[in-house]
Amino acid sequence: MLVLQPARKRRQPSEGRIGLAIAGGGPIGGMYELGALRALDVAIEGLDLTKLEVYVGVSSGAFLAAGLANRLDTAEMCRIFITGDSDQVKFRPEMFLRPAFLEYARRAAALPRLAFDWWKDVLTDPTGSHLSELISRFGGVIPTGLFDNRGIERFLREVFTIRGRSNDFRELAAKLYVVAVDLDSGEAVRFGSPGWDDVSISRAVQASSALPGLYSPVDIRGHHFVDGALRRTMHASVVLDHGIDLMLGINPFVPFNASRGGRPPEGMDKLAQGGLPVVLSQTFRTILQSRMQVGLAKYAQQYPDTDQVVFEPNEDDGEMFFTNVFSYSSRQRVCEHAFHSTLADLRRRREQLGPVLARHGLRLRAEVLDDPSLSIMDGLGIAPRTTDATARLRVALDDVESIVKARRPNRRRAAAARRR
């Protein structure tokens with residue numbers, strides 16, 4: 001589903017400043033987002049997702065936003081996460097599901113003391129209501145997360161310290177923000193903003209993706225951070241505040257709507273038959289979608305001179321809804337599904353979307369949209385091998401090219417002002 005909000009007060013001409021906001025969605029949501037990004041990459045001429053003005057990522061979206069801001073294109077990310085053909089790093093899904101043994105041990109170590117204190121209170125005051133306090137008193141020994149996400153940080157640190165990339169927000173050519181929530185205050189923190197830009201990118205992504213219950217909060221400067229989606233779904237306002245001309249957004253989580261033609265798995269007539277996991281999934285997605293809709297409605301009023309385009313799964317998309325969010329074995333299927341769904345959205349809305357993109361120097365490729373045989377695997381191949389030195393040189397040349405392009409509009413505006 002493509003949500004298009006054209007600018008109500010158009011800035012003429014557009015300076016071609018584009019921002020990207022990517023919501024969270026767990027590992028499978030991230031694979032959906034990668035497929036959607038790959039579709040935009042091949043279907044829109046003039047769009048270079050690695051050279052945008054500003055990026056914001058939340059949870060799994062932070063992985064992708066940080067990669068793109070670091071000149072890691074969609075083809076290479078597909079090689080890393082889907083085909084495994086990358087010569088740079090090797091992705092191992094098990095790093096996301098490693099039990100948090102250290103957290104288990106730390107919590108268990110407090111059990112004897114808690115048990116002793118509780119029995120002492122019971123013996124000294126048998127008539128008290130200590131039995132009713134059993135759950136609250138022993139809640140402190142329950143681990144805050146099932147899995148250890150330190151391996152995620154190590155993996156990203158490796159990715160962002162080779163081939164001319166950087167693990168430092170301040171060294172990137174574009175602005176990158178990774179959003180997490182401070183557990184003790186409930187406030188959102190934008191890593192990459194002043195005061196928080198000295199935190200490494202890999203550490204910020206680890207914090208932003210610490211989904212409560214699955215991963216323990218991440219301690220940074222004595223603050224404990226969890227998943228950034230707790231405050232907002234996509235945090236698109238972070239991008240819009242930069243005065244961009246076009247905002248692209250991707251949100252992989254929408255509630256399932258069987259009345260729109262969606263089909264539950266065989267043997268399931270109603271979602272409640274799927275048990276608690278399905279009920280919670282529908283509830284969670286409904287909350288996220290509701291917040292998205294409210295946010296987009298506000299953004300249309302607050303940022304009237306910015307074109308806004310958001311990509312989401314359709315409400316009848318059972319493929320996305322009923323796929324286990326941690327099913328790494330499904331990542332290629334989901335990525336391919338998102339690729340085709342996004343191309344279908346572009347194809348259906350090309351008449352409305354084409355003029356909007358044209359204002360920013362972009363064009364839909366008809367040869368891509370009208371090719372039913374196209375696959376996300378097309379054009380990937382194996383990337384040419386490069387050394388760290390040649391990769392750094394390519395980044396430096398890209399930076400010079402970006403500076404030259406940025407100065408040309410300024411010269412044209414100055415010349416126009418002199419003529420006036």
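**Exercise 1. Burial and overall make-up**

Find what share of the residues in this predicted chain is buried, and describe the chain as a whole.

Solution.
- Step 1. In this predicted model, buried residues make up 50% of the 420 residues in the chain.
- Step 2. Turn to the surface. The chain exposes about 20,200 Å², and 55% of that area is supplied by carbon and sulfur atoms.
- Step 3. Count the secondary structure elements. The chain has 15 helices and 13 strands.
- Step 4. Look at contacts with a separation of 6 or more. Residues 24 or more positions apart account for 79% of them.

**Exercise 2. An enclosed helix**

Determine which residues of helix α3 (residues 74-83) are buried, and what covers them.

Solution.
- Step 1. List the buried residues of α3: T74, A75, E76, M77, C78, R79, I80, F81 and I82.
- Step 2. Compare with the length of the helix. Nine of the 10 residues are buried, so α3 is largely enclosed by the rest of the structure.
- Step 3. Identify the cover. It includes α1 (26-43), α2 (60-69), α7 (150-159) and α12.
- Step 4. Look just past the helix. There, G84 takes a positive phi of about 75 degrees.

**Exercise 3. Two cysteines**

Decide how many disulfides the chain has, using C78 and C335 as the test case.

Solution.
- Step 1. Recall what is being sought. A disulfide is a covalent bond between the sulfur atoms of two cysteines.
- Step 2. Fix the cut-off. The two sulfur atoms must be within 2.5 Å.
- Step 3. Start from C78. Its closest cysteine sulfur is in C335, 4.8 Å away, which is too far for a bond.
- Step 4. Start from C335. The closest cysteine sulfur is in C78, again at 4.8 Å and too far for a bond.
- Step 5. State the count, which is zero disulfides.
- Step 6. Add the surroundings. C78 is buried, with a relative accessible area of 1%, and C335 also counts as buried, at 1% relative accessibility.

**Exercise 4. A pair of helices**

Work out how α12 (residues 331-348) and α13 (residues 350-358) are placed relative to each other, and which residues meet.

Solution.
- Step 1. Take the distance and the angle. The two axes come within 6 Å and cross at roughly 85 degrees.
- Step 2. Classify the angle. A value of 65 to 115 degrees counts as roughly perpendicular, and α12 and α13 are therefore roughly perpendicular to each other.
- Step 3. Name the residues. L346, R347 and R348 in α12 meet R350, Q352 and L353 in α13.
- Step 4. Sort the residues of this contact by type: two are nonpolar, one is polar and three are charged.

**Exercise 5. Residues far apart in sequence**

For G35, K9 and P264, give the location, the burial and a partner distant along the chain.

Solution for G35.
- Step 1. G35 lies in helix α1 and is buried, with a relative accessible area of 0%.
- Step 2. I376 is 341 residues from G35 along the chain, yet their C-alpha atoms are separated by 7.3 Å.
- Step 3. Leaving aside neighbours within four places in sequence, G35 is in contact with C335, A338, F339 and I376.

Solution for K9.
- Step 1. K9 lies in the loop between β1 (2-5) and β2 (18-22). With a relative accessible area of 54%, K9 is exposed.
- Step 2. The C-alpha atoms of K9 and P304 are 5.4 Å apart, although 295 residues separate the two along the chain.
- Step 3. Not counting residues up to four places away in sequence, K9 touches P304 and D305.

Solution for P264.
- Step 1. P264 is found in the loop between β11 (246-250) and α10 (275-302). At 23% relative accessibility, P264 counts as partly exposed.
- Step 2. P264 and F322 are 58 residues apart in sequence and 7.7 Å apart in space, C-alpha to C-alpha.
- Step 3. Not counting residues up to four places away in sequence, P264 touches F256, D269 and F322.

**Exercise 6. Positive phi without glycine**

Locate S59 and R163, and state whether each is buried or exposed.

Solution.
- Step 1. S59 has a positive phi of about 55 degrees although it is not a glycine. S59 sits in the loop between β4 (54-58) and α2.
- Step 2. S59 is buried, with a relative accessible area of 5%.
- Step 3. R163, also not a glycine, has a positive phi of about 55 degrees. The loop between α7 and β6 (175-182) holds R163.
- Step 4. R163 is buried, with a relative accessible area of 14%.

Notes:
Residues numbered from 1 in each chain as written. Predicted model: local features only at pLDDT ≥ 70, side-chain atom pairs only at ≥ 80, totals over all residues. Heavy atoms only, no water. Axes fitted to C-alpha atoms, helices over the stretch in contact; angles between N-to-C directions. Helix = DSSP H or I, 4+ residues; strand = E, 2+ residues; numbered from the N terminus. Parallel < 35°, antiparallel > 145°, perpendicular 65-115°, else oblique. Contact = heavy atoms within 4.5 Å. Nonpolar A, V, L, I, M, F, W, Y, C, P; charged D, E, K, R; others polar. Buried < 20%, exposed > 50% of the residue type's maximum accessible area, 1.4 Å probe, protein only. Areas by Shrake-Rupley, 256 points an atom, 1.4 Å probe, with all protein chains shown as cover.
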